[in-house]
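Here is a short round of questions on aromatic rings and one helix. Keep the structure open while you read.

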Amino acid sequence: GKIWKEHGALEYVEAVGDDLENKMGASFGKTIKVKPGEIPLFSFIIFKSRADRDKVNAKVINDPRLKKMMENASMPFEIKRMLYGGFKVIVDL
């Protein structure tokens, strides 16, 4: 997160699942098929704009500190179950 913010991200948040089952709408836990003993994480990064996001991410990917962290590192999660997408703000109070 520090690397993203150093390169221009406005906010970087990582959160751990705490209250995933509900009776209203689709359950987060069921939708992503959380297995017994698993703890889902949710993270997001806020950027000034989509164009800024692309610039920041390009800098992060080429940052030697991130490259060093990724060398010989095994992912601490199932990469095939990782979800990724960009969202445009429609309400900001």
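Buried means under 20% relative accessible area, exposed means over 50%, and partly exposed lies in between. The model is predicted.

Q: Does F44 count as buried, exposed or partly exposed?
A: Its relative accessibility is 34%. Buried needs under 20% and exposed needs over 50%. F44 therefore counts as partly exposed.

Q: How many aromatic pairs does a search of the whole structure find, and what is the class of the W4 and Y12 pair?
A: The search finds 2 aromatic pairs. In one, the ring centres of W4 and Y12 lie 5.7 Å apart, with the planes at 35°. Planes under 30 degrees apart would be stacked, and over 60 edge-to-face. So the count is 2, and the W4 and Y12 pair is tilted.

Q: Which residue forms an aromatic pair with F42?
A: The pair is tilted, with 50° between the planes. Its centre-to-centre distance is 5.9 Å. F42 itself is partly exposed, at 47% relative accessibility. The partner is F44.

Q: Where do the buried residues of α3 lie around the helix?
A: Helix α3 covers residues 50–61. D52, R53, V56, N57 and V60 are buried there. Seen down the axis, they fall within an arc of 130°, so they line one face of the helix.

Q: Which exposed residues does the face of α3 turned away from its buried side carry?
A: The buried side of α3 packs against other helices through its buried residues, namely α1 (2–6) and α4 (64–70). The face turned away carries the exposed residues K55 and I61.

Notes:
Residues are numbered from 1 along each chain as its sequence is written. This is a predicted model: local features need pLDDT of at least 70, side-chain atom pairs count only at pLDDT 80 or more; totals for chains, interfaces and linings use all residues. Side-chain values use heavy atoms; hydrogens and water are left out. Rings of Phe, Tyr and Trp (its six-membered ring) pair if their centres lie within 6.5 Å; planes under 30 degrees apart count as stacked, over 60 as edge-to-face and the rest as tilted. Buried means under 20% relative accessible area, exposed over 50%, partly exposed in between (1.4 Å probe, protein chains only). Helices (H or I, at least four residues) and strands (E, at least two) are DSSP runs, numbered from the N terminus. The expected span of a helix is 1.5 Å times one less than its number of residues. The arc is that of the directions from the helix axis to the C-beta atoms. Contact means heavy atoms within 4.5 Å.
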